[in-house]
Amino acid sequence: MNYYEILNIERNADTSAIKRAYFSAVKIHSPDKDPEGFKAIRLAYETLCDQKKRSEYDSYFVLTGEMQNKLLAAREMIRENRYKQAADFLTGLIETNSDSEKQLSLFPPEHPENFYAETKRLLAEVLWYMKKNGEAKKICEELLKKNPSDAETLLLLAEIAAAAGHKEKAAMYFNEAANAAPLNARIWSAYMYYTLDHAHNRVHIIFKRAMKHDINMFRDDYILYLIVLSKEKKFSDKKYLQYCDKFAEYFLLDKNHDEKVYENLLNFISHIIDKEENIPFLKKILPVLENSRHRKDNDKEIFEAIRTTFIIHKLKSDKRIHEVLIDMTIFFLTENTDKDELLGMECFIVSELSDLRPSIKVLKNEYLDFFKLNQAFYLDVLNEKKETYLIDKYIGKFKKLKSSSKNDLNDDFDERNELTQVIRSSPKIGRNDPCPCGSGKKHKKCCGR
């Protein structure tokens with residue numbers, strides 16, 4: 001199969017058609033499930049989307065169709081893990097000795113040099129798969145003597161060095177490959193994964209270099225945006241949000257995201273959920289995430305936490321809602337059980353009844369679900385006839401709590417309540433006095449109960 005057949009497109013397909021075909025093919029041959037198939041698809045895509053490479057490819061595709069088909073046949077063998085057969089097949093086309101008369105006869109003068117290099121590089125790749133690193137390395141070094149800036153060969157040498165544990169050499173070859181082909185996404189992806197595994201302190205540096213060339217560099221391996229954001233804290237707020245948006249863009253386009261993306265995303269969310277600036281990102285991805293085929297029953301908690309974050313953000317955005325009511329809503333939504341904290345908030349509200357009632361009315365009229373979280377208390381606050389009752393009740397509660405040796409109030413609670421001492425707006429009503437609500441009953445039998 002040639003590159004056009006691999007992507008199932010016509011020879012005259014434009015760039016948009018090539019991209020659509022590529023994304024369709026990747027869904028079937030994903031990097032995780034079919035790495036060799038993905039490599040073939042990726043190579044076809046990169047060649048046909050680059051005008052210069054496509055022109056060169058078309059020239060030898062037409063002139064040497066038989067040789068091209070043989071090379072593609074070798075790639076098919078590799079994809080099916082038939083490495084020995086592929087090596088024998090490729091060795092039948094060329095010999096590793098560049099001075100061989102047989103080699104010159106197989107590759108006549110009109111045959112493009114890059115086609116020859118691709119054939120030898122493919123043989124080196126097969127030998128590497130077969131654990132024959134020395135032979136593979138020798139072929140690569142011979143190719144680099146003829147073309148020191150051969151990015152694909154440099155990449156293969158980097159991977160061979162990395163597999164052998166030669167970290168410095170691997171880093172050098174990755175760097176040279178990236179410099180030789182700064183727009184080659186496959187090289188940058190390989191470089192990033194190597195850096196993540198072996199050079200943590202350089203992750204943000206390599207990532208920034210790739211982004212300078214093209215912020216969409218990792219569109220085909222978009223999990224890298226997420227992995228880097230999870231590990232690095234050295235980006236500006238603007239860049240951080242840009243990379244979040246890029247991940248979200250490609251995540252939403254991927255109708256068949258794999259479990260690795262899903263799990264990494266849930267882990268990432270657990271660390272950013274409390275930051276208000278992440279709300280737009282969370283809103284974009286949540287619908288897809290909730291309907292993911294990888295969703296598990298015990299993921300319910302994280303989805304509830306995200307929804308709670310949206311609620312809190314909505315309340316904070318409504319300037320009519322006093323911050324203490326937002327705090328109280330969060331208290332109940334997060335199932336907080338600290339009674340001292342709740343008492344502190346209620347004491348504050350009672351001490352500022354006239355100022356807080358408008359906010360509570362908004363809560364009742366427009367956010368009924370949140371109003372119901374502490375409905376009995378809110379209704380008492382809104383009832384002006386119970387004002388004296390509430391003041392007496394909470395002064396008593398606070399004094400009792402503060403004087404109790406069994407309760408250890410934290411400094412914040414103590415200070416807040418000291419600063420919000422209640423000032424009575426009317427004389428204290430005795431328990432046996434008539435209730436000020438006008439019911440005709442004694443205060444202790446009515447609102448004073």
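**Note on helix packing and two loop residues**

1. In this predicted model, the contact between two helices is a good place to begin: Ile-223, Leu-226, Ile-227, Leu-229 and Ser-230 in H14 meet Lys-260, Val-261, Asn-264, Leu-265 and Phe-268 in H16. Sorted by class, the residues of this contact comprise 7 nonpolar, 2 polar and 1 charged.

2. As for the geometry of that pair, the axes of H14, which covers residues 223-231, and H16, which covers residues 259-272, come within 10 Å and cross at roughly 30°. Because angles under 35 degrees count as roughly parallel, H14 is described as roughly parallel to H16. The crossing of H14 and H16 is left-handed.

3. A second pair can be described in the same terms, since two packed helices are characterised by the angle between their axes and the distance between the axes. Here H20 and H21, the latter made up of residues 353-366, pack at an angle of about 110°, with their axes 6 Å apart. The range from 65 to 115 degrees counts as roughly perpendicular, and therefore H20 is roughly perpendicular to H21.

4. The residues that make the contact of H20 with H21 are Phe-348, Ile-349, Val-350 and Ser-351 on the H20 side, and Leu-353, Leu-356 and Ile-360 on the H21 side. By class, this contact has 6 nonpolar residues and 1 polar residue, with no charged residues.

5. Two loop residues deserve a look at the backbone, given that most residues other than glycine have a negative phi. Lys-131 has a phi near 70°, a positive value in a residue other than glycine, and it is found in the loop between helix H8 (113-129) and helix H9 (133-146). With a relative accessibility of 72%, Lys-131 counts as exposed, because the cut-off for that class is over 50%.

6. Glu-335 likewise has a positive phi in a residue other than glycine, with a value near 55°, and its place is in the loop between helix H19 (323-333) and helix H20 (339-351). Is Glu-335 buried or exposed? At 67% relative accessibility, Glu-335 counts as exposed.

7. For the chain as a whole, the secondary structure comes to 25 helices and 0 strands, and 46% of the 449 residues count as buried. Among contacts with a separation of 6 or more, residues 24 or more positions apart account for 59%. The protein chain exposes about 24,400 Å², of which carbon and sulfur atoms supply 50%.

Notes: Residues numbered from 1 in each chain as written. Predicted model: local features only at pLDDT ≥ 70, side-chain atom pairs only at ≥ 80, totals over all residues. Heavy atoms only, no water. Axes fitted to C-alpha atoms, helices over the stretch in contact; angles between N-to-C directions. Helix = DSSP H or I, 4+ residues; strand = E, 2+ residues; numbered from the N terminus. Parallel < 35°, antiparallel > 145°, perpendicular 65-115°, else oblique. Left-handed = near helix turned anticlockwise from the far one by under 90°. Contact = heavy atoms within 4.5 Å. Nonpolar A, V, L, I, M, F, W, Y, C, P; charged D, E, K, R; others polar. Buried < 20%, exposed > 50% of the residue type's maximum accessible area, 1.4 Å probe, protein only. Areas by Shrake-Rupley, 256 points an atom, 1.4 Å probe, with all protein chains shown as cover.
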